[in-house]
Amino acid sequence: MRNSFFPAIGVLSLASALICSASSSWETDWNKALEKAGKGGHPVLADFTGSDWCPGCIHLRKNIFDTDAFAKYAADHQFVLLELDFPKAAGKMPPEQLKFHEELMRRYGVSSFPSVLLMEGNGAPYAKIVGATRTPEEYLKKLEAAGETRRKLKEAVAAAQPLKGKEKLEQLVKALNVLPEDLQPFQKELIAEISALDPEDRYGFGKKSEKAAAMEKQRLMWEQFCQKYSGRLSAEETRAGREEALQMLEKKDTLPPIRLKVAKYISDGYVLERNLPKALEYLEIARDADPESQAAQKLEPWIDNMRKHINQEK
């Protein structure tokens, strides 16, 4: 009995060790993660998360990322796992690191949590997954789809290399179009090749890159505006904020997503003053600034309710 018992213990210990080794290891340093991925040619899975306040983020970590199924998938596909946290608990993260995460959030246009970017070691994303799923299996299907996009992109780029002139240009454009349009501007190396072959910018990728740079700049401008006019404001500060916002709206180069936010800010100010007709006017301006966006669609119930209140007061 004694001889058979101790080998069994050894087997159980080995099994436990294997199970423990399946847990995923997450990097928290952006530069180290990208450097590691770049050296090995591995993909990066960057998780933008609110670890101590976002229910969807907590579910994604506990029920998907911390499972053996995900750990095995991540190891098999050689992911470099990167957590970009936005905690609310004081002292949980150094202020300078949180500020850098906010800069990354703005750079990549991340607007909700949890959001996962799949990218290369050069920081160019090839897929985005917003939100969680109920089961690990459902999430792994999304990762499979992202991996297929990566494979198609690499194959299309490789097919372009032996070509020249117009044929190469068309193949590179085909490669770039494998990606969702909002992720294309991050492929700077690929766009540089296309631009060299397309100096007249017939395919419009040069304009897309300029637009992406302008969007990043305007997002920063909007964040600075919000920080400047946050908290309790005096009547004078409120008027100054509205005047500055109105000047933003008058600028022709203000991009639709920013224009929507600015008009919504003005509308909210009029709501606080109980000036509902003016609030409705700017709420409609906000919606019409970027009508196809999800943000605009979310304004529709607000607009309907405000119209009802105005009609009731007549």
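Helix α9 (residues 205-228) carries both W222 and F225, set 3 residues apart, or about one turn of the helix; helices here are DSSP runs of H or I with at least four residues, strands are runs of E with at least two, and both are numbered from the N terminus. An α-helix has 3.6 residues a turn, so residues three or four places apart point the same way. This is a predicted model, in which local features need pLDDT of at least 70 and side-chain atom pairs count only at pLDDT 80 or more, while totals for chains, interfaces and linings use all residues. Residues are numbered from 1 along each chain as its sequence is written, and side-chain values use heavy atoms, with hydrogens and water left out.

The rings of W222 and F225 make a stacked aromatic pair, with 5.1 Å from centre to centre and 15° between the planes. Rings of Phe, Tyr and Trp (its six-membered ring) are paired when their centres lie within 6.5 Å; planes under 30 degrees apart are stacked, those over 60 are edge-to-face and the rest are tilted. F225 also pairs with Y229, and this pair is tilted because the planes stand at 50°, with the ring centres 5.0 Å apart. W222 and F225 are both buried, and Y229 is buried as well; buried means under 20% relative accessible area, exposed means over 50%, and partly exposed is in between (1.4 Å probe, protein chains only). In total, the structure holds 15 aromatic pairs.

Elsewhere, one aromatic cluster is formed by W26, F65, F70 and Y139. The ring of W26 has a charged neighbour too: the charged end of R61 sits over this ring, 4.4 Å from its centre. For such an arrangement, NZ of Lys or CZ of Arg must be within 6 Å of the ring centre and within 35 degrees of the ring normal. R242 is placed over the face of Y270 in this way, at 3.9 Å from the ring centre.

F70, a member of that cluster, is also one of the buried residues of helix α4 (residues 68-76), along with A71, Y73 and A74. Viewed down the axis of α4, these buried residues fall within an arc of 165°, so they line one face of the helix; the arc is taken from the directions that run from the helix axis to the C-beta atoms. On the face turned away from the buried side, α4 carries the exposed residues K72 and A75. The buried residues of α4 pack against β1 (26-27), β2 (44-49), α3 (55-65), β3 (80-85) and α6 (136-160), where contact means heavy atoms within 4.5 Å.

The helix α4 is followed by Q78, which is found in the loop between α4 and β3. Phi of Q78 is near 55°, a positive value in a residue other than glycine, and Q78 counts as partly exposed because its relative accessibility is 47%. D201 likewise is not a glycine yet has a positive phi of about 55°. D201 belongs to the loop between α8 (188-197) and α9, and is buried, with a relative accessible area of 17%.

Strand β2 contains T49, which counts as buried at 3% relative accessibility. Leaving aside residues up to four places away in sequence, T49 touches C57, E83, L84, D85, F86 and F113. F113 is joined to P114 by a cis peptide bond, with omega about -10°. P114 has its place in the loop between α5 (95-107) and β4 (115-119).

Two further helices can be checked for length, the expected span being 1.5 Å times one less than the number of residues. For the 14 residues of helix α12 (residues 276-289) the expected span is 20 Å, and the end C-alpha atoms are 20 Å apart, which agrees. Among the buried residues of α12 are L276, Y282, L283 and R287, and the cover over the buried residues of α12 includes α10 (235-250), α11 (256-272) and α13 (294-313). The N-terminal end of α12 is capped by N275, which has a side-chain oxygen 3.3 Å from the backbone nitrogen of K278.

Helix α7 (residues 165-176) has 12 residues and should span 16 Å; its end C-alpha atoms are 17 Å apart, which agrees. K168 and Q171 are among the buried residues of α7, as are L169, L172 and V173. The buried residues of α7 pack against α6, α8 and α9.

Methods. A polar contact is a pair of N or O atoms within 3.5 Å; within protein, one must be able to donate a hydrogen and the other to accept it, and residues adjacent in sequence count only if both atoms are side-chain atoms.
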